[in-house]
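User: Please take a close look at one part of this model, beginning with a single loop residue and its backbone, and then set it beside other loops, strands and sheets. I would like one connected account rather than a list.

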Amino acid sequence: MLRESLCTVDLPKTEYLFNAAKAFESYSDMVYRLAFVRLCNTSDAEDVLSDVFLRLIKNSKKIKSEEHLKAWLIRATINCSYSVLSSAYRRHRADFEELSKQKAATTEESVLPLVLELPQRFKTVVYMYYYEGYSVEDIAKLCSLPQGTVKSRLSRARQQLKLQLKGEDINV
Amino acid sequence: MFKEQLKKEIDNIKPSKQLKEKILADINKRQVTEKPQKRPVNKVRWVYSAVCVALALFVGLSGMAINRFGLFSKDGFSNNFDAVLEDSKEMVFDCDESTHDDGLGVSQSTTYKEIYTRFNEIYKSINRGNSTYKTYGDGLKGTASATMGTVEDSGSDMATQNDSFSQTNTQVSGVDEADIVKTDGKYIYVLNPYDGTVEIALANKGQPKKVSKVSWRREEWSSDGDTYSFKTARDMFVKNNRLVVISIDDVKTKSGKNNGSSRKIVTDIYNIESPENPTLIKSFSQTGQYISSRLIENNLFVFTTQSFYNKPSEEEKQTYLPYAGEGEDLTPIPEKDICAFNGDVDPSYFIALSVDINSAVIKDKKAVLGAGDTVYVNNNSIYAAANCYSAWYKNDNPSENTDITRLLKLKIENGVLLFAADGKVKGTILNQFSMDEYNGYFRIVTTVREYVPVSSETSKEKSAVSSSNSAVFSDDRVVANKQTNSLYVLNSRLETVGKLEDIAPDERVYSVRFNGDIGYFVTFRQVDPLFSVDLSNPANPKILSALKIPGFSEYLHPFGEGLLLGIGMEADFETGRTLGAKLSMFDVSDPKAVYEKTKHLAPCEQTYIGAENGHKTVMVDEAKNIIAFSGVDYDTVSTKSYYSYYVYGYSSGEFVQKAVLEGTGPDTRGLYIGDVFYVCSNEKITAYNINNYSKLGSVNF
């Protein structure tokens with residue numbers, strides 16, 4: 001499950017000087033957010049954040065460019081959250097605590113709880129498309145999925161959200 | 001609606017500062033106990049990176065209370081960022097007379113003892129973990145060096161060549177930048193960074209021939225098995241029968257001596273009067289990480305940056321001082337040549353070494369504590385810019401909580417460097433092209449992010465419903481809620497005299513180019529506005545036009561009279577999705593009405609222009625009508641990459657594809673000598689007829 005080979009993008013090796021400080025400064029929030037959206041749980045997201053950056057330090061020689069770094073981090077976050085999801089503890093326990101917390105803390109027009117309640121495979125594409133602003137093609141590359149799959153997941157996610165949002169148009 | 005709402009809500013999800021601190025401490029701990037591995041070069045970088053993380057974090061979060069540090073400043077500092085920004089232009093060095101103003105109270109020299117005391121203070125404040133620090137300090141303190149080097153006569157003239165030839169694409173004419181491929185019109189020099197070799201080939205009018213090879217790769221263990229050293233190449237210059245190679249020399253110790261690793265940048269100067277037999281004249285070294293280098297006539301400047309993170313010890317100068325010198329003989333940089341930024345700085349130096357390549361003597365060395373890692377150099381000055389990210393700092397005045405760029409100016413006089421001025425502007429810069437000097441005014445384009453801490457009432461409300469240790473709604477979170485772009489004009493003392501702010505909200509700068517009184521820059525989110533700015537009145541820069549077209553240019557190059565060439569990516573107008581490489585020719589003859597005269601989609605998915613030093617992969621020659629760059633195309637099925645070197649011309653208002661030549665990797669360069677076009681990489685040189693691009697010959701390395 002833990003694939004880190006996603007980023008086959010070839011970029012100049014000598015020109016990019018990896019700087020973990022900058023990487024952490026720029027992307028810790030992104031990693032944490034993606035993990036949170038996928039796991040709906042602050043403590044799990046925290047674990048993933050720490051995990052991902054330790055992996056990054058170990059694999060820093062592989063990072064070839066800023067784009068590659070970001071892609072690598074997204075991929076690693078997805079992989080790391082898989083291992084949390086598949087852990088025995090998680091499989092045998094239903095955790096709605098965080099979700100209800102989220103709900104309590106939000107107002108009428110909040111949409112995040114709705115997104116968090118989407119099936120796992122929809123959440124990630126919604127996050128990447130609407131929040132990170134990636135194109136369908138980019139998401140397909142990042143998640144090693146066919147473009148059609150990404151498109152259909154997006155559209156099904158939109159349908160579900162539309163029902164919840166009582167018909168409000170979410171096409172952007 | 002949905003998108004904005006989602007964005008707003010996800011923006012609020014942030015890890016807590018405590019967590020970030022913990023993770024980084026953990027990373028730091030791990031890397032210390034890690035054993036050396038097979039590939040030490042990467043290992044060292046790894047260690048360094050982790051250290052950087054730790055430093056950034058500690059320095060940032062704990063906040064160093066060094067702004068009150070008496071040795072370097074008599075004046076107290078205001079805690080109000082705004083006041084500092086406005087009032088703190090204490091000029092220590094006068095750039096015109098190179099003498100310092102005694103009236104400001106910094107007449108005494110910096111001494112090693114002062115530097116040591118300051119480092120100790122930094123170290124202590126890091127370990128105390130206090131966070132009393134509130135403001136960015138300012139003001140460069142130290143003494144101006146008045147040592148003038150002797151002017152060396154440059155004896156040897158370069159062998160006259162009949163054929164014209166191309167050179168590395170540089171930012172400023174007359175200021176050469178190092179690269180991996182160089183030519184002197186007769187020979188082609190190709191650097192292989194990984195193998196640590198320079199291949200010298202005779203161009204031979206299209207029939208390239210290997211002549212000789214300079215090799216200095218070293219990879220060895222010391223006799224006691226404790227020390228491992230490894231030397232690889234980075235950059236190269238060729239001029240006046242001199243070959244200058246800048247390489248990285250890493251030493252790692254198992255026992256953890258010298259912090260476990262040390263890195264120095266070695267500059268080797270070879271005599272290539274007879275390229276068949278290059279001989280080493282001298283080597284120079286300086287500690288730190290390589291930033292960049294420049295060559296102006298015979299004066300070579302090598303810039304590095306060095307960080308310190310361990311407890312300094314007064315007796316052991318290597319724990320807090322940068323070193324430089326000839327050969328293996330490194331000495332601390334003299335006290336009089338070190339100065340320091342006041343206030344909140346990282347414990348890292350900007351180190352500049354100046355060498356005359358003809359006589360192979362050191363002309364000057366300077367170090368500045370807290371200066372930057374991006375340099376802009378023209379014939380008279382060196383500007384070093386440091387991006388200081390503010391998200392790490394807690395500031396009481398949220399409206400001023402932005403990133404800043406700290407600037408340092410060194411004046412060049414016959415290869416000798418003089419501290420000239422310091423200053424700062426809001427925002428962070430993209431690369432060396434973000435800076436420029438013209439008619440005594442310094443211009444800089446930055447992207448400004450504003451961080452706004454969420455008001456305490458809202459966070460209290462929210463923390464009431466979330467658990468106390470929740471990272472989602474931590475009290476002290478800082479949100480980057482606004483991103484704009486700015487242009488500043490500064491005078492020779494680096495005081496802001498003119499500015500344009502709040503340009504293109506939510507976009508960031510992709511490329512900048514200044515051309516005399518006009519500045520151009522490109523910002524991007526979905527469509528590409530090309531801004532032209534009139535800078536003829538430094539106090540009042542004006543936006544003349546903003547051209548919105550799909551895609552963005554990552555590199556801008558003035559091309560002939562009234563034209564501006566842009567190389568970048570085409571993007572979908574609706575979605576902003578990138579569609580492949582694009583060439584644009586802008587008509588800028590009327591800066592008030594800039595328009596895209598023509599564009600061409602190149603058959604490649606990606607160019608290397610956006611990468612660091614990407615401008616060196618481009619070759620633009622108006623006389624020969626050549627626009628060439630290296631690019632890559634992906635086969636999505638086999639996931640293979642195809643490297644090519646694309647050659648274009650521009651005639652009668654259209655781009656004309658002249659050839660797509662075989663490339664061998666991202667580090668491919670093109671050059672011409674006379675009527676022969678050469679595509680060079682560290683694997684091979686291939687020669688083509690410049691008129692019809694038929695293959696003439698090639699040589700493999």
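Analyst: **A loop residue and its setting**

B:A360 lies in the loop that sits between strands β17 (348-356) and β18 (361-369) of chain B. The model is a predicted one, and the values that follow are to be read with that in mind. What makes B:A360 a suitable place to begin is its backbone: the phi angle is near 55°, which is a positive value in a residue other than glycine. As a general background, most residues other than glycine have a negative phi. B:A360 counts as buried because its relative accessibility is 1%, and the cut-off for that term is under 20%.

A second loop of chain B offers a parallel case. B:N625, found in the loop between β36 (618-621) and β37 (626-635) of chain B, has a positive phi of about 55° although it is not a glycine.

From the loops one can turn to a strand residue. B:R508 belongs to strand β27 of chain B, which covers residues 508-515. Its relative accessible area is 31%, so B:R508 is described as partly exposed, a term that applies between 20% and 50%. Once the neighbours within four places in sequence are left aside, the contacts of B:R508 are with B:L430, B:T447, B:Q483, B:N485, B:V522, B:T523 and B:F524. One of these contact residues, B:L430, is 78 residues away from B:R508 along the chain, yet their C-alpha atoms are separated by 9.2 Å.

The sheets of chain B give the wider frame. One of them is an open sheet of four strands in the order β3-β4-β5-β6, with antiparallel pairing. Its edges are formed by β3 (181-183) and β6 (209-215) of chain B, each of which pairs on one side only. On average, and with direction ignored, neighbouring strands of this sheet are turned by 20° against each other. Within it, strand β4 (residues 187-192) and strand β5 (residues 197-202) of chain B are joined in the antiparallel sense over six bridges, and B:Y189 has B:I200 in β5(B) as its bridge partner. In general, strands of a sheet pair through backbone hydrogen bonds, either parallel or antiparallel.

Another open sheet of chain B has four strands in the order β31-β32-β33-β34, and here too the pairing is antiparallel. The edge strands are β31 (552-558) and β34 (595-601) of chain B, and each pairs on one side only. From one strand to the next, the twist averages 25°. The edge strand β31(B) runs antiparallel to strand β32 (residues 563-571) of chain B and is joined to it by six bridges; in this setting B:S553 stands opposite B:G568 in β32(B).

Chain A, by way of comparison, has nine helices and zero strands, and from the N terminus on its elements run α-α-α-α-α-α-α-α-α. Of its 172 residues, 58% count as buried. Among the contacts in chain A with a separation of 6 or more, 68% come from residues 24 or more positions apart. Chain A exposes about 7,500 Å², and carbon and sulfur atoms supply 50% of that area.

To return to the starting point, B:A360 joins a positive phi near 55° to a buried position at 1% relative accessibility.

Note on methods
Residues numbered from 1 in each chain as written. Chains lettered and ligands numbered in written order. Predicted model: local features only at pLDDT ≥ 70, side-chain atom pairs only at ≥ 80, totals over all residues. Heavy atoms only, no water. Pairing = 2+ DSSP bridges. Helix = DSSP H or I, 4+ residues; strand = E, 2+ residues; numbered from the N terminus. Axes fitted to C-alpha atoms, helices over the stretch in contact; angles between N-to-C directions. Buried < 20%, exposed > 50% of the residue type's maximum accessible area, 1.4 Å probe, protein only. Contact = heavy atoms within 4.5 Å. Areas by Shrake-Rupley, 256 points an atom, 1.4 Å probe, with all protein chains shown as cover.
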